[in-house]
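User: Could you take me on a close look at one part of this model, a single strand and what surrounds it? I would enjoy one connected walk rather than a list.

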Amino acid sequence: MSDSSVLFSSSCGKSVPSTPHGRTALGVAQADEWLNGGLRRDGLHEFFAATRDDGGAAMAMALLLAHLSRQENRPLIWLRRGITLKMQPYGPGLHDLGIDPNSLILLQLPDWEALLRASTDCVRHGSAAAVILEIQGHCPLFDLTASRRLTLAAERSGTMVLVTRHQVQPVPSSAHTRWEVAAAPSMPLPANAPGLPVFDLRLLRQRGGRDGLHVQLEWDREQAVFRTPLLRSTSAFSAGRAADQRRHRAA
Amino acid sequence: MMLADARAQIPELQAFALDSQTDHFWLTRLALACELYTPMVTLADPHSILLDMTGCFHTLGMNEADLTTDITHRLQRRGMQTRTAWGATPDAALALALYRRNHPHELPVEALQLESDTHAALRRSGLTTLGDLASRPRAPLAARFGTALPTRLARLLEEEDPHITPLRMPAPVWVEKRFPEPLALVDTLLDVIRDLAQESEITLTERGQGGRRFAVSLFRSDGHVAQLGVDSALPLRDPAAITDLFRERIASLADPLDPGFGYDMIRLAVPHCEKLEQGQPKLTEQADRPDPRPLLNRLAVRFGAESIRSFRPRNAHLPEYAAMLAPPDSAPAHWPDRVPDEPPLRPLFLFDPPQRVTVMAQVPDGPPRLFQWRGNTYRITFYEGPERIAYPWWKHPEGHGPTRDYYRVEDTTGHRFWLFRHGLYGSETDQPHWYLHGQFA
């Protein structure tokens with residue numbers, strides 16, 4: 001066994017049953033049908049945080065999809081601008097979410113130019129299962145050309161590229177799919193404790209496919225799958241109302 | 001003699017202010033250039049450089065006389081006046097050079113560097129050279145002149161070797177290559193580095209280690225020494241990979257290498273080694289799936305090794321100390337077991353520092369109902385807590401900080417936060433502050 005497999009060893013890959021080759025299924029039939037089987041593993045996918053407070057949800061979604069797409073102990077690389085951010089990734093939180101922190105490599109870069117250069121290197125190299133770019137705020141350097149470059153590199157090397165954007169309106173890009181991610185109310189546990197994380201996803205764009213998919217996904221760490229939150233009269237109603245409220249606020 | 005007197009005698013005399021700092025700087029540069037001969041180089045007073053040549057003549061292909069000529073010649077070319085001497089101990093060599101003697105027995109008693117009273121007393125007793133002292137029993141000397149005398153005497157008479165402490169600690173692994181003709185082409189430099197890396201691979205494999213840092217010293221024939229260093233993200237000993245890192249490093253130099261009249265010697269040192277047991281897989285074994293390590297090493301050279309981090313757990317009580325970002329390691333870290341069938345109990349992101357928030361609660365020591373942060377109001381629908389995390393009083397017996405009560409909360413729109421109340425209401429504080437410490441997925 002080589003050193004690299006010791007370094008990045010963890011259990012993974014069992015959660016992707018019977019999906020078309022090269023796609024990561026979300027695990028919910030309606031969504032997977034819409035996406036022709038799931039998200040391309042050699043594609044670029046964008047996750048826009050719906051509001052200022054949804055940056056964490058968008059990042060979690062990208063990390064979980066990267067985790068589900070991980071095969072053969074390939075590492076995940078997470079690039080962020082390190083110095084200025086007050087929100088620091090927290091290892092125990094990643095572990096609690098079901099992502100093996102040992103599989104993640106964090107690259108903290110001084111500026112956007114360095115981040116984009118490093119990400120192109122990572123994607124071209126092809127040794128990582130997924131490369132996650134965390135881009136907060138306005139970033140003129142990440143334009144159509146930059147995303148096209150990453151898309152081509154991803155297709156060639158078979159690396160999944162996940163870009164999360166906070167606090168910014170969608171701009172043209174060559175992403176295969178583009179999502180708007182928001183946190184959604186969870187199904188409370190006994191004694192009204194917050195339950196499993198639930199995400200509210202809207203498909204804004206799909207290259208060569210339909211957009212407009214709106215789905216809520218609950219992440220089950222024990223099974224390592226997404227599923228539709230179970231229907232319950234009160235919380236389903238409140239969830240719908242909350243989503244409406246958010247839409248009103250965004251509008 | 002005063003400067004004015006000297007000027008009166010020699011009108012064209014030029015005077016310079018003594019600048020001991022610059023002298024020291026210059027001497028240090030010369031000393032580092034002397035690493036060409038041996039890694040054991042140090043400075044000594046007054047204005048001396050000590051070289052420990054033990055075991056170095058074989059690799060140099062010189063003898064003592066050749067070396068003296070070589071050093072004197074090089075320094076004279078730069079307009080330096082030198083005195084050289086050989087001794088079996090550093091003290092003896094230094095004293096012989098200082099007093100221009102050929103044998104330690106000829107040294108005056110002042111070479112002992114004791115107090116001037118002692119020197120005067122020795123001279124009055126008719127003991128003017130170390131040769132006079134050498135044959136005498138040491139115990140009466142110690143009784144009469146103090147215990148420092150026999151120690152100094154033994155060192156000057158080459159009986160006891162205190163060894164020198166080198167200016168720079170020699171790296172645990174280093175290899176070097178000397179050239180009969182100075183090497184003037186930068187292009188061939190990488191070939192030399194590859195050869196050196198191949199040599200170092202043998203030593204590193206024997207030790208079961210890999211290098212985390214590699215340093216190349218380029219000794220130019222005029223005494224200039226250029227240093228190039230690369231850090232690798234993971235322990236490394238593969239010559240091709242090491243050469244690639246140096247290729248990257250040389251390409252990214254702000255001012256390119258100037259070989260001048262050529263390099264006399266190139267040394268590759270591995271100052272920082274770490275355990276690397278197994279043989280590295282060759283590229284041919286992993287044709288379909290590239291190894292991530294070359295990528296990480298390249299990124300380390302380009303963006304600095306400190307930009308590459310991995311997550312590590314720490315055995316600490318306070319949440320902000322329970323994990324850290326550390327350089328990637330080849331051994332996977334062991335994370336504490338998760339609580340089964342529970343949602344994540346720790347947030348994905350931690351705020352550093354915790355964000356101060358305004359909280360409304362029904363009772364001062366009760367759960368939060370509503371909080372305000374960055375001008376927004378968050379109405380809490382679900383909560384779990386408190387999870388009480390005490391200040392680590394067992395580590396700080398005298399200073400006792402406030403206890404934290406953590407709540408996992410969810411607001412109406414589904415955002416999940418980690419809040420804590422700083423201080424127990426009533427016993428620790430009357431107006432506890434609230435902080436937002438993290439955000440869940």
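**Strand 9 of chain B and its surroundings**

Analyst: Happy to. Strand 9 of chain B runs antiparallel to strand 14 (residues 433–439) of chain B, and 5 bridges join the two. Within this pairing, B:Phe349 has B:Gln439 of strand 14 as its bridge partner. Please keep in mind that this is a predicted model.

Strand 9 of chain B also pairs with strand 10 (residues 368–373) of chain B, again antiparallel, through 4 bridges. Here B:Met360 stands opposite B:Leu370 of strand 10. Strand 9 and strand 10 of chain B form a hairpin, with 6 residues between them.

The pairing of strand 9 of chain B also crosses to the other chain. Strand 5 (residues 87–89) of chain A is joined to strand 9 of chain B by 3 bridges, and the two strands run antiparallel. The partner of A:Pro89 in strand 9 is B:Phe349, the residue that is also the bridge partner of B:Gln439 in strand 14 of chain B.

That brings us to the interface. Chain A contributes 73 residues to the contact and chain B contributes 66 residues. Between them, chain B and chain A bury about 6200 Å², with 60% of this area on carbon and sulfur atoms. B:Phe349 turns up again here: together with B:Phe311 and B:Arg338, B:Phe349 supplies 13% of the area that chain B buries against chain A, more than any other three residues.

What about the polar side of the interface? Across chain B and chain A there are 25 residue pairs in polar contact, with both residues at pLDDT 80 or more. Strand 9 (349–361) is among the elements of chain B that give two or more residues to the side touching chain A; the others are helix 12 (292–303), strand 7 (308–313), strand 8 (323–326), strand 11 (376–389) and strand 12 (404–411). Helix 12 of chain B gives the most to that side, with 9 residues. By type, the residues on this side of chain B divide into 36 nonpolar, 18 charged and 12 polar. As for salt bridges, the count between chain B and chain A is 2. In a salt bridge between B:Arg302 and A:Asp121, the side chains meet with 2.7 Å from N to O.

Next, strand 11 of chain B, another element on the side that touches chain A. B:Phe382 is found in this strand. B:Phe382 counts as buried because its relative accessibility is 14%, and the cut-off for buried is under 20%. Leaving aside neighbours within four places in sequence, B:Phe382 is in contact with residues of both chains: A:Ser186, A:Pro188, A:Asn192, A:Ala193 and A:Pro194 in chain A, and B:Arg408, B:Val409 and B:Glu410 in chain B. B:Phe382 and B:Arg408 are 26 residues apart along the chain, with their C-alpha atoms separated by 8.3 Å.

Chain B has another buried side chain to visit, in the loop between strand 7 and strand 8, where B:Leu318 lies. B:Leu318 has 10% relative accessibility and therefore counts as buried. Apart from neighbours within four places in sequence, B:Leu318 is in contact with B:Ile389, B:Ala390, B:Pro392 and B:Arg404. B:Leu318 and B:Ile389 are 71 residues apart in sequence, while their C-alpha atoms are 7.1 Å apart in space.

Finally, let us cross over to the partner chain. Chain A has 12 strands and 7 helices, and buried residues make up 63% of its 251 residues. Of the contacts in chain A with a separation of 6 or more, 70% are between residues 24 or more positions apart.

For a single residue in chain A, try A:Ser119, which has its place in helix 5 (residues 112–125). A:Ser119 counts as buried because its relative accessibility is 0%. A polar atom of the A:Ser119 side chain lies 2.7 Å from the backbone oxygen of A:Leu116. Not counting residues up to four places away in sequence, A:Ser119 touches A:Leu79, A:Leu133 and A:Leu150.

To return to where we began, B:Phe349 is a good residue to keep in view: B:Phe349 is the bridge partner of B:Gln439 in strand 14 of chain B and of A:Pro89 across the interface.

Notes:
Residues numbered from 1 in each chain as written. Chains lettered and ligands numbered in written order. Heavy atoms only, no water. Contact = heavy atoms within 4.5 Å. Buried area = accessible area lost by both parts, 1.4 Å probe. Salt bridge = Lys/Arg side-chain N within 4 Å of Asp/Glu carboxyl O. Polar contact = N/O pair within 3.5 Å; in protein donor to acceptor, adjacent residues only side chain to side chain. Nonpolar A, V, L, I, M, F, W, Y, C, P; charged D, E, K, R; others polar. Pairing = 2+ DSSP bridges. Buried < 20%, exposed > 50% of the residue type's maximum accessible area, 1.4 Å probe, protein only.
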